[in-house]
Amino acid sequence: MAFFSLKKRSLILCILLGWFSANAQIQDSLQTTLQPQEEDHVKYPQLQIKGLFQARYLVGMSKDVDVNGLHHSDGSGTSNNFMLKYMRVQVRAQISKRTEVVALANLADFKNDPKGRVLENAYLKYTFSPKLAFTVGQFRPWFGIEETYPIDIIKSLDWSNQYSEFGKLGWTSFQIGLSATGQVKLGGIPLQYAVSVVNGNGKNQVNDNDNGKQYSTRLLFGLSKKYNFNVGLNGGIGEVFSKKVYAVGIDLSSMVQFDPKWSLDMQLEAKQATNHVLYNSIAPEVRPDNPDQYLIRGAYFLPNLRYEINHKNLSAFELSCRYEYLDTNFRLASNPRQTITPMVGLEFLKNYGARIQLGVQFDRYKYQVENTNQYNNNLFIVQVQSRF
């Protein structure tokens, strides 16, 4: 992973914004492709409503560790739990041939304090052409593979650990800002790109928490159509509370179709960034001047084997096993977390319309810390979902 040695001043990808704005959209992960239509024969607005239900049953199999991975030295804590994860409703309004407005809410978040939650996507998107589109509002800026698809078609249990951590840092998950996206060709190589600028302090915020912004770029090269082999390069720079921060990443993905029934989908992704959240949690009088002393590094590999059954009551069978490595402060206080999540999935309706998954999540830390989440844990999961 030689790219981890890059300095933020070398992240020239963000400079490509000017060039791509003149030359270069790729569909948002929850979008459908616009079909060519005659403007005169279409009545606007056109409304589309989608949704997702997802629930789980969790059983903790490690002594004194609850279902959220928190260790309790006094033996307290809940070791089994029924959980409502998502009850999402999305409304997409095509208000002209080139303009759409999207709103996505997770009603399951009302079970907690809904402040700063519930509303996920809320944006307007204007498409000039396949080469250039602008998105403004609250959306997921592209910074890796996981940004390019929604939660309901994830091949494993949930988002990767590094995705969640980079969301806290403002590079992934739902952010407020502006993005330019598109697809072009470099010679015979398809290229998809995204250039984004966001506040970087998460979703549903009234104001940015400082005057700094975070700028990121993603370039995705389609190197083999036969094997759907893609290479993604991600880079970002920004300023948080007057301190410079950066992030870099690389990802590989491929789909091998053995025959009409058997296929293998593989994803490999690695990232590194300034852990400015951890840095700013340290008392000012003891923390160093340079926030790059606090660095986060993560990687995961996810193979997924799929067999198309196409029976009237069972559409497909899937088997996946994701390996993850994450160290949130590897330079000063390294305590890497390794997670292995084998999953078996049964798809009852096509396109993940109805699915049940069974699996186990194994978490291991180099050093275990009592009464924290940094403690070895085994968790059994049954998850059911339905898309509509």
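Student: What makes the approach of the Arg355 side chain to the backbone oxygen of Asp152 a polar contact?

Tutor: In this predicted model, the Arg355 side chain reaches that oxygen at 3.4 Å. The cut-off for a polar contact is 3.5 Å. The value lies within the cut-off, so the pair counts as a polar contact.

Student: Why is Arg355 called buried?

Tutor: Its relative accessibility is 4%. Buried means under 20%, so Arg355 qualifies.

Student: Where does Arg355 sit, and which residues is Arg355 in contact with?

Tutor: Arg355 is found in strand S15. Leaving aside neighbours within four places in sequence, its contacts include Asp152, Ile153 and Ile154. Glu318, Leu346, Glu347 and Phe348 are also among them, as are Gln383, Val384 and Gln385. Arg355 and Ser386 are 31 residues apart in sequence, with C-alpha atoms 6.5 Å apart in space.

Student: Which residues are linked with Arg355 in a network of salt bridges?

Tutor: Arg306, Glu308, Glu318 and Glu347 are linked with Arg355 in that network. Of these, Glu318 and Glu347 also appear in the contact list of Arg355.

Student: Back to Asp152. How do you know that Arg387 and Asp152 form a salt bridge?

Tutor: Their side chains meet at 2.3 Å, N to O. The limit is 4 Å, so the pair counts as a salt bridge.

Student: What parts does the pair of Arg387 and Asp152 tie together?

Tutor: Arg387 lies in strand S16 (residues 377-387). Asp152 lies in the loop between strand S5 (132-139) and helix H2 (161-168). The pair therefore ties together parts that are 235 residues apart in sequence.

Student: Why do Arg387 and Asp152 fall into their accessibility classes?

Tutor: Asp152 has 6% relative accessibility, under the 20% limit, so Asp152 counts as buried. Arg387 has 25%, between the 20% and 50% limits, so Arg387 counts as partly exposed.

Student: What makes Lys168 and Glu165 a salt bridge, and where do both lie?

Tutor: Their N to O value is 3.2 Å. That is within 4 Å, so Lys168 and Glu165 count as a salt bridge. Both lie in helix H2, three residues apart, about one turn of the helix. An α-helix has 3.6 residues a turn, so residues three or four places apart point the same way.

Student: Why is Lys168 called exposed?

Tutor: Lys168 has a relative accessible area of 53%. Exposed means over 50%, so Lys168 passes the limit.

Student: What makes H2 largely enclosed by the rest of the structure?

Tutor: Six of its eight residues are buried, so H2 is largely enclosed. The buried ones are Asn161, Gln162, Tyr163, Glu165, Phe166 and Gly167. They pack against strands including S6 (175-186), S10 (243-257) and S11 (262-274). S12 (295-308), S13 (316-327) and S14 (337-349) are also among those strands. Just after H2, Gly170 takes a positive phi of about 95°.

Student: How do you know that Lys244 forms a salt bridge with Glu239?

Tutor: The closest N and O atoms are 3.2 Å apart. The limit is 4 Å, so Lys244 and Glu239 count as a salt bridge. Glu239 has 30% relative accessibility, between 20% and 50%, so Glu239 is partly exposed. By this rule the count for the protein comes to 19 salt bridges.

Student: Which residues make the nonpolar surface patch, and why can Leu124 be part of it?

Tutor: Ile95, Val101, Leu124, Val136 and Leu178 make a patch of about 360 Å². A patch residue needs over 30% relative accessible area. Leu124 has 34%, so Leu124 meets that requirement. Leu124 lies in strand S4 (residues 119-129).

Student: Why is Leu358 called partly exposed?

Tutor: Its relative accessible area is 37%. That falls between 20% and 50%, so Leu358 is partly exposed. Leu358 lies in strand S15 (residues 354-365). Beyond neighbours within four places in sequence, its contacts include Phe380, Ile381 and Val382. The C-alpha atoms of Leu358 and Val382 are separated by 4.7 Å.

Student: How many residues score at least 70 in pLDDT, and where is the pLDDT below 50?

Tutor: The average pLDDT is 87, and 90% of the residues score at least 70. Over residues 1-38 the pLDDT is below 50. That stretch has 97 contacts in the model beyond near neighbours in sequence. Where pLDDT is low, the predicted coordinates should not be read in detail.

Conventions: Residues numbered from 1 in each chain as written. Predicted model: local features only at pLDDT ≥ 70, side-chain atom pairs only at ≥ 80, totals over all residues. Heavy atoms only, no water. Helix = DSSP H or I, 4+ residues; strand = E, 2+ residues; numbered from the N terminus. Buried < 20%, exposed > 50% of the residue type's maximum accessible area, 1.4 Å probe, protein only. Contact = heavy atoms within 4.5 Å. Patch = residues over 30% accessible without salt bridge, like charges linked within 9 Å, V, L, I, M, F, W, Y side chains within 5 Å. Areas by Shrake-Rupley, 256 points an atom, 1.4 Å probe, with all protein chains shown as cover. Polar contact = N/O pair within 3.5 Å; in protein donor to acceptor, adjacent residues only side chain to side chain. pLDDT = per-residue confidence, 0-100.
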